[in-house]
Amino acid sequence: MAENPLEKTLDAQWLATQLQDRSMRGIAIETAALIRSGVIEIGTHLPAVRELAQALGVSPATVSAAWGQLRRQKVIAGRGRNGVWVCGDMLSPRPARFEKIGNFGEHIIADLALSSPDPELLPNLLEAMQHGVGADNLNSYQREAIAPSLLEAAKHDWPYDAPAFMSADGGFDGMNLTLQTLLMQGSVVAIEDPTATRLLDMLDNLGAQVLAVKCDEFGPLPESLAQALLKNPSAFIYQPRTHSHCGHAINAERYAALAEILSQSNTLIIEDDGIGQLSCYPPVSMGSRLPDRTVHVRSYSKAYGPDLRLAVISGSNDLIKQIKSFRNFGAGWSSRILQEALAWLIKDPKTQEGISHAKNVYAQRRKAMSDALRIRGINIPERDGLAMWIPVPSEQFALVTMAARGIAVLPGERSRIGPGQFIRISTSQVKPEQVDLIADALVLAMGA
């Protein structure tokens, strides 16, 4: 290996002698083994693609494909003129954006990084679980797509007459199953910008080429979607109700415009209704216009409890059949106990009163924060959901400023694709006595 004071650069001829299998898969696996064992250290620059290809006697495309596999595994980083270097020795795929949210330390007095429901506003699960253990067909290995009781309960307010349904172990599990099943590695995918952090991690894992679709207060912009569709993406992913970061929702006029544009393409439509019943808006889906190529995923975690681990997916018979088949690699079906418990909660009047109360409380907390900022000369649109998306001059400065005052927030770069400087703050668990402290810190973070 050659070495200078700034970096280590791996010699192409030396690396070639270490690699016995000259196939794409072999180059990736054997290079990964060298990294895992410490023979190739973290920080080491790898040889140029053409140089290594010549030393191995293979095409540059073979080496590029191998590096692409290691890049998806988050083992190497970089490309182009800056070269490729070893950035890690953990060889399993992992959600890098989501894992970076992390622990901000003991001095944090207000953790606003995760947009999660207030446990005090979730239903009591005791009676629901008692009903759950009475589920039909309990402990059977029959791979049932969805329990009949949950199917009946979910259909009550489903946004369209879907041909087929199945359950999943939470909203992100439903989205991951859908993406893993229906998209190929390296697919071109259009997605609204910003979007959920974990969706971008999932697309990274697929090696997807991501096209950003810009949004305003009514959701994805028609002209931006039309521009993205010119590149013939395999799928368009968006949040049809309350957006988990920005709080906007698609109105009837925007829905019609987007449906018209999508009807002129063959692009698969994947809908992530992550807020679910906590949204102040009625459910909506492109499935009412384009049912043959719409997959709708609704999470029940925010309204009913994350530990219920349930979501419902709808789509055409063919699409749901494909997702069900892929799921057979793993669990195969969701717990009938949990499905029966959720079905009971959906039908229980007391639970529904509690969810209505929770929506009012979340709205009050958002308004309290919005009002506190407005008094301080900062006008942030008062929308829906469990969080606020706030523009700042510098994300890094905002993070440091907030953390210095004991407040953790989510940097926008974890959730956006295009340019811009933003932070997201969760308002779902903000206590009244914290509002002024947070608002004062935001003023400093925004340089206002």
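Here are some friendly notes on the sheets, loops, ring pairs and empty spaces of this predicted model.

1. **The eight-stranded sheet.** Let's start with the sheet that has eight strands. This sheet is open, its pairing is mixed, and its strands come in the order 6-13-12-11-10-7-8-9. Strand 6 (164-168) and strand 9 (219-220) stand at the edges with a single partner strand each, so one side of each has no neighbour in the sheet.

2. **A pairing inside that sheet.** If you would like one place to look at, try strand 12 (residues 294-299) and strand 13 (residues 311-315). These two run antiparallel and are joined by four bridges. Which residue of strand 13 stands opposite His296? You will find Ser314 there.

3. **A helix across the strands.** Helix 9 (residues 197-205) lies across four strands: strand 7 (188-193), strand 8 (209-216), strand 10 (235-238) and strand 11 (268-273). Relative to strand 7, helix 9 runs at about 165°.

4. **A cis peptide bond.** Please have a look at the bond between Asp193 and Pro194, which is cis, with omega at about 5°. Pro194 sits in the loop between strand 7 and helix 9. Keep this proline in mind, as Pro194 comes back among the residues closest to the centre of the second largest pocket.

5. **The three-stranded sheet.** There is also an open sheet of three strands, with antiparallel pairing and the order 14-17-16. At its edges are strand 14 (387-391) and strand 16 (410-411), each pairing on one side only. Helix 15 (residues 349-375) packs on this sheet and touches strand 14 and strand 17, its direction making about 25° with that of strand 14. Two bridges hold the antiparallel pairing of strand 16 with strand 17 (residues 422-426). Pro411 has Ile423 of strand 17 as its bridge partner.

6. **The second largest pocket.** This pocket has about 430 Å³ of space. Its lining counts 23 residues, and those closest to the centre are Pro194, Cys246, Arg383, Trp389 and Phe422. Which elements supply at least two residues each to the lining? They are strand 8, helix 15 and strand 14, with strand 8 giving the largest share, four residues. By character, the lining divides into eleven nonpolar, three polar and nine charged residues.

7. **The cavity.** How many cavities of 30 Å³ or more does the structure hold? There is one, and the space in the largest cavity is about 40 Å³. Lining the largest cavity are Leu278, Cys280, Lys359, Tyr362, Arg366, Asp384, Gly385 and Leu386. Four of the lining residues are nonpolar, one is polar and three are charged.

8. **Aromatic pairs.** The structure holds six aromatic pairs. One of them, Tyr141 with Trp333, is edge-to-face, with 5.9 Å from centre to centre and 75° between the planes. This pair links distant parts of the chain, 192 residues apart: Tyr141 is in the loop between helix 6 (126-132) and helix 7 (148-155), while Trp333 is in the loop between helix 13 (317-327) and helix 14 (336-347).

9. **A backbone detail to check.** Asn137 is worth a glance too. This residue, which is not a glycine, has a positive phi, near 60°. Asn137 lies in the loop between helix 6 and helix 7, and Tyr141 of the aromatic pair is placed in the loop between those helices as well.

Note on methods: Residues are numbered from 1 along each chain as its sequence is written. This is a predicted model: local features need pLDDT of at least 70, side-chain atom pairs count only at pLDDT 80 or more; totals for chains, interfaces and linings use all residues. Side-chain values use heavy atoms; hydrogens and water are left out. On a 1 Å grid over the protein atoms alone, a cavity is a set of points where a 1.4 Å probe fits but cannot get out, and a pocket is an open set with protein on both sides within 12 Å along at least five of seven lines; lining residues have an atom within 4 Å of a point. Grid points are joined across faces, edges and corners, and a volume is the space filled by probe spheres set on the points. Ala, Val, Leu, Ile, Met, Phe, Trp, Tyr, Cys and Pro count as nonpolar, Asp, Glu, Lys and Arg as charged, and the others, Gly among them, as polar. Two strands pair if DSSP finds at least two bridges between them. Contact means heavy atoms within 4.5 Å. Axes are lines fitted to C-alpha atoms, for helices over the stretch in contact, and angles run from 0 to 180 degrees between N-to-C directions. Rings of Phe, Tyr and Trp (its six-membered ring) pair if their centres lie within 6.5 Å; planes under 30 degrees apart count as stacked, over 60 as edge-to-face and the rest as tilted.
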